[in-house]
Amino acid sequence: MSDGRASSITQMQSKISISNLDFFYGKAQALFDINLEIPEREIIAFIGPSGCGKSTFLRTLNRMNDTIPIARVDGNVTIDGENIYAPGTDVVALRRKVGMVFQKSNPFPKSIFENVAYGIRINGIHQNKADMQERVEKALRDAALWAEVKDRLNTSAFGLSGGQQQRLCIARALAVQPEVILMDEPASALDPIATQKIEELVVELKKEYTIVIVTHNMQQASRVSDKTAFFMLGKLVEYNATQKMFQNPDEKLTEDYITGRFG
Amino acid sequence: MASLTTSIDRRRRVVNSVMTSLTAICAVFVSVLLLLIIGYIAVQGFSSLSFQFLTDTPKPVGEGGGIGNAIVGSAIMTLLAALIGLPVGIAAGVYLSEYGKNWFGNTVRFIADTLIGIPSIIIGIFIYTLVVLPMGRQSALAGGLALAIIMIPIVARTTEEMIRLVPNSMREGALALGAPQWRVSLNIVLPAAASGIATGAMLSIARVTGETAPLLFTALNSRFYNFYLDQPMSSLTVQIFNYATGPFEVEHAMAWAATLILVATILVINIFVRTVTRKKF
Amino acid sequence: MAQTGAFGDKIFRTVLLIAAASILLIVAAIFYMMVQNSMPSIQQFGIGFLFGREWKPAQSEYGALPFIYGTVVSSVIALIIAVPISLGIAIFLVEQAPKSVARPIAFMVELLAAIPSVVYGLWGIFVLAPFIRVYLGPVLQDYLGWLPLFQGRLTGIGMMTGGIILALMITPIVTAVVRDVLEAVPTTQREAALALGATKWETTTIVLGNAASGIAGAVVLGLGRAIGETMAVTMVIGNSPQISASLFEPANTIASLLAANFAEATDKIYLSALIEIGLVLFLVTFVVNAFAKLLILGVASGTNSAKHV
């Protein structure tokens, strides 16, 4: 179909390699034969109309769909050469490596500091108290939130605005030192100014992390991402460099969607 | 960065397994306990059951006897309680759901919930002071009234909940046709909520059937079949209490048999209601 | 047409209003009658009634402390046993068990609530009491006998038996409320924890943190039930107006005192003293249940904003 079918050389360089992925909710199939290569330290955007499967697909990358009893995955998802669906895979370690930020910010009912510290604590990453302080500070800085919260680290996370809470959730995810960050429409619940901050942050994060971002906002995809994948009805329609995707797409369907011919 | 197949902290894994097992143990333990209790009742009670037992009145120790009057007494007082408690409770419930979204409704709701939480023996004392003392003696009427008071708030709240489930669109459809509110409530909403209300009613009946404390000094007890409401009346629960706390082994055996009847009745009502109308899940 | 409609509405609403108001009337009447009938005792004994240690009807000496003590101690025992178990069951049902297992177990826990108190009492006399006398009691006395809690005569009837029976009886309600509260915690909280690499139990800890005040409410509700539980406790606690350090000694709660003695209260002051104790129970239960409601409602309306764990 598209550039997604990788040569063996590209496969070696990919951070995440998905091949022949099918996904089922019970008997209903939601994803059909997805093939995709995600290179390291780039931002990949998933776009498509509601219900096209982009969020479902995102969640297969950190096995969040495991929480749904009737969910079933066929095919391969390989991260750094390891198949994450192989039996015996340590899902907990996978989720440390592949972090996730959700559509609506979901901070824990804890202080700002404790929210960020949570992942560090349970994974036992820190050496001592001072080390913990440093890690929390670094995560908050990397999430462009430090300046705004450094004087109130022990106050409740719910005292922050929506945009700040989302950046807190990003800081929380960064604190466990992932290599990949999955973002499921991270700015859809935010106002334009907060959205802009998130977008700037995402572009900054690209320097250290591989980022996959699901968005229903095409302008956002074109602003932020290096490559874009367009999904429809559970199928990958096209996967191309973002510039090309939005100016001169290969598929007619893609062009129709981008020009707004259907929702 | 560690590979995916490196094990995470063993301690975390162990804690996870231990806690998962502990919670499962709690659940299994309590379930098994229930089955043991019911089983014990069945085994102990069955041996003393007989037709005679179910129809006779209590006799002096050694002469047999039965719980016939107790069964009838319980039935009469529960019926009395239902006759008073169900209409009042359902009416109150309809009020709360249709008109009760103000401070008055909220107060009633709050008070009803706390009334449900008041120990039933207090209700018994209340009726004692209100009915028994003026009347000069215990009576089935007093017992039935006490049970009715227990029933009313329960029925009111479940009725309210069931009626709330009726979609507003149904009400609005009828109102739009020009039907007055009372017709809408009576002819449209109530029938729609009927099975839920019936469920609540049946569960409340099962509940008062098992009550003992409010009857202890309102209806007292009796060794005879009695159909007069102004006289003391026997009941299954009080009889079980008396037999169980008495010194005679034969009476203990009768207590078990009576318990079997009582628990079987209550469980049947509960199981029937919960399987016929899927509640939570 | 509109006339009869409006008139019909008026009558309908009035009838319903009376029914609803009757609930308020009933509670007011209970309060009034209890206060009025307690007056002789209140006037005679005053506030010292609540702290008096001696209960001797024959000498017209009435002190409520033994029964307040019995109520408190038996309820505390019940909570210590029931709360962890109920939490365990609720966590199991909501966070761990697949639907096919959770359904029957939840059903059985609900059935436990349907069993009448007098039946628990019967079971308590003939199964639990012997068990404590023959198995549990001796074991406790062997290993922990140095504690005054476990010294004394071991008959199987006493404070401990009462506490255990209470624990069994309040487990269903505490489990049910905790279940509701856990189910109300949004899935996004669990997902957030999982996405950070938390194990199932660690995720559950987060959920519990979210549900904290609701769980507190469930505990208080359980306390309210334990305080007022009558028949089962009456049958196994021993009907003794004493305050003893030993859990194996017979005792009395307010409710069991009333159940065992009300019918035989002959003289006016005895009756009045009993009713005054009943009034204490009424007021305490009222307050405890109201408090529990507030705690639980606080979680249901989603106001976890100002709190952090």
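**Exercise 1. Find which residue stands opposite A:Phe230 in E10(A), then work outwards to the whole sheet.**

Step 1. Start with the pair itself: A:Phe230 faces A:Glu238 in E10(A). Strands here, like helices, are DSSP runs numbered from the N terminus (E, at least two residues, for strands; H or I, at least four, for helices).

Before going on, a word on the model. It is a predicted one, where local features need pLDDT of at least 70 and side-chain atom pairs count only at pLDDT 80 or more, while totals for chains, interfaces and linings use all residues. Residues are numbered from 1 along each chain as its sequence is written, and chains are lettered from A and ligands numbered from 1 in the order in which they are written.

Step 2. Look at the two strands. Strand E9 (residues 227-232) of chain A pairs with E10(A) in the antiparallel sense, over six bridges; pairing requires that DSSP finds at least two bridges between two strands.

Step 3. Check the turn. E9(A) and E10(A) make a hairpin with two residues between them, and A:Leu233 in that turn has a positive phi of about 50°.

Step 4. Zoom out. The order E6-E7-E8-E3-E9-E10 (chain A) describes an open sheet of six strands with mixed pairing. Strand E6 (98-101) and E10 of chain A sit at the edges with a single partner strand each, so one side of each has no neighbour in the sheet. From one strand to the next, the twist averages 20°.

Step 5. Is E10(A) mostly buried or exposed? Five of the seven residues of strand E10 (residues 235-241) of chain A are buried, so the strand is largely enclosed by the rest of the structure. Buried means that 20 or more other C-beta atoms lie within 10 Å of a residue's own (12 or fewer is exposed, in between is partly exposed; C-beta atoms are placed from the backbone).

**Exercise 2. Work out how E3 and E8 of chain A run relative to each other, and what lies across E6 and E7.**

Step 1. Strand E3 (residues 43-47) of chain A and strand E8 (residues 210-214) of chain A run parallel, joined by four bridges. As a landmark, take A:Ile44, whose bridge partner in E8(A) is A:Val212.

Step 2. Now the helix. Helix H7 (residues 162-175) of chain A lies across E6 and strand E7 (180-184) of chain A, at about 170° to E6(A). Such angles run from 0 to 180 degrees between N-to-C directions, with axes as lines fitted to C-alpha atoms (for helices, over the stretch in contact).

**Exercise 3. Describe how H4(A) packs on H5(A).**

Step 1. Recall what you need: two packed helices are described by the angle between their axes and the distance between the axes.

Step 2. The axes of helix H4 (residues 112-123) of chain A and helix H5 (residues 129-142) of chain A come within 10 Å and cross at roughly 110°. H4(A) and H5(A) are therefore roughly perpendicular (65 to 115 degrees; under 35 is roughly parallel, over 145 roughly antiparallel, the rest oblique).

Step 3. List the residues that meet. A:Phe113, A:Val116, A:Ala117 and A:Ile120 come from H4(A), while A:Met132, A:Arg135, A:Val136, A:Ala139 and A:Leu140 come from H5(A). Contact means C-beta atoms, placed from the backbone, within 7 Å.

Step 4. Sort by class: eight nonpolar, no polar and one charged. Ala, Val, Leu, Ile, Met, Phe, Trp, Tyr, Cys and Pro count as nonpolar, Asp, Glu, Lys and Arg as charged, and the others, Gly among them, as polar.

**Exercise 4. Which helix gives the most to the side of chain B that touches chain C?**

Step 1. Take the totals: the contact uses 68 residues from chain B and 70 residues from chain C.

Step 2. The top contributor on the chain B side is helix H1 (residues 10-46), with 15 residues. That whole side divides into 47 nonpolar, 18 polar and three charged residues.

Step 3. Follow H1(B) across. Its axis comes within 8 Å of that of helix H2 (residues 65-96) of chain C, crossing at roughly 110°, so H1(B) and H2(C) are roughly perpendicular. Residues of H1(B) that meet H2(C) include B:Leu22, B:Cys26 and B:Val30, and their counterparts in H2(C) include C:Ile85, C:Phe92 and C:Gln96. This helix contact has 10 nonpolar, four polar and no charged residues.

Terms used
Contact = placed C-beta atoms within 7 Å.
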